[in-house]
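Open the model in your viewer and keep the sequence panel visible. The stops below go from a single residue to the sheet, then to a pair of helices.

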Amino acid sequence: VKNMAKMKKTSTRIDMTAMCDVSFLLLSFFVLTSTAKVPEVHPVDLPNSTKETKIPTSDIVTLSIDKDKVYFGLSGKDDKIDVLERMGKEYNIDFTKEEIEKFTFMENFGVDIRELKQLLAKPATELMKPEFHTNGIPYQDSLNNQLSSWVRNARESTYARKKDFVKVAIKGDAEEKFGTVKKVVAILQEQRQNRFYLVTGLRNSDF
């Protein structure tokens, strides 16, 4: 009887070190390049649209409108500092360096400027709580149209430092009355801001 030659068994172990390195690098890339959703004091339910338009992420004022109230947002730390200082001078309010620094971390807000110091005295983690922004920016009284002042100072600030006017985006709730949006647009037009973005939610054109 002939002896059968035995086959030498080879290891079936697969080295996954390289795959783990690649996965980790990809994960790091996506984390570092992705943009986190910034919290708002009053998110709105946007109306639907089939047209997609790229909204600028810098040098832009965002006006969120819901239930007859308007919330003001401004991009850029330096822009926020300069605009707040201008508003302080206009309303004779002296903001401290600490208050100004806190203000730069607020994505948007909806308070009377005369109550802003009181808000900025709160811990940084509480500044964006909706219960502190229930009244919105005053705009309906012609003698206390602070929204107009915020827009004007934002325009003047951007032009003085960058020789260009700030852009404006309007985020109106889907259920908001047209009259409120019309008043906001009229305020913008009084400031010669005749071009602005209307932010909507993208939907399929088949609907």
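Is Leu 119 buried or exposed? Select Leu 119 and show the surface around that residue. The model is a predicted one, and in it Leu 119 has a relative accessibility of 4%, so the residue counts as buried, the cut-off being under 20%.

**Around Leu 119**

Colour helix α4, residues 116-120, which is where Leu 119 sits. Now show side chains for Met 106, Val 111, Leu 127, Phe 132 and His 133: these are the contacts of Leu 119 once neighbours within four places in sequence are set aside. Add Lys 102 as well. Its C-alpha lies 9.9 Å from that of Leu 119, with the two residues 17 apart in sequence.

**The whole chain**

Zoom out and switch to cartoon. The protein chain has six helices and seven strands. Followed along the sequence, these elements come in the pattern α-β-β-β-α-α-β-α-α-β-α-β-β. Of its 207 residues, 38% count as buried. Taking contacts between residues at least 6 apart in sequence, 70% link residues at least 24 apart.

**The sheet**

Select the strands next. Five of them make an open sheet with mixed pairing, in the order β4-β3-β2-β5-β6. At the edges are β4 (108-109) and β6 (197-198), each of which pairs on one side only. Strands of a sheet pair through backbone hydrogen bonds, in a parallel or an antiparallel sense. For an antiparallel example, pick β3, residues 69-74, together with β4; two bridges join this pair. One residue to label is Gly 73, whose bridge partner in β4 is Asn 108.

**From the sheet to α5**

Keep the sheet on screen and add α5. This helix lies across β2 (60-66), β3 and β4, and runs at about 20° to β3.

**α2 against α5**

Hide the strands and select α2 (residues 77-90) with α5 (residues 146-162). How do these two helices cross? Their axes come within 9 Å and cross at roughly 125°. That angle makes α2 oblique to α5. The crossing is right-handed.

To see the contact itself, show side chains on both helices. On the α2 side, the residues involved include Asp 78, Asp 82, Arg 86 and Glu 90. On the α5 side, they include Trp 150, Arg 152, Glu 156 and Arg 161. Colour the contact by residue class: six nonpolar, four polar and nine charged residues take part where α2 meets α5.

Key: Residues numbered from 1 in each chain as written. Predicted model: local features only at pLDDT ≥ 70, side-chain atom pairs only at ≥ 80, totals over all residues. Heavy atoms only, no water. Axes fitted to C-alpha atoms, helices over the stretch in contact; angles between N-to-C directions. Helix = DSSP H or I, 4+ residues; strand = E, 2+ residues; numbered from the N terminus. Parallel < 35°, antiparallel > 145°, perpendicular 65-115°, else oblique. Left-handed = near helix turned anticlockwise from the far one by under 90°. Contact = heavy atoms within 4.5 Å. Nonpolar A, V, L, I, M, F, W, Y, C, P; charged D, E, K, R; others polar. Buried < 20%, exposed > 50% of the residue type's maximum accessible area, 1.4 Å probe, protein only. Pairing = 2+ DSSP bridges.
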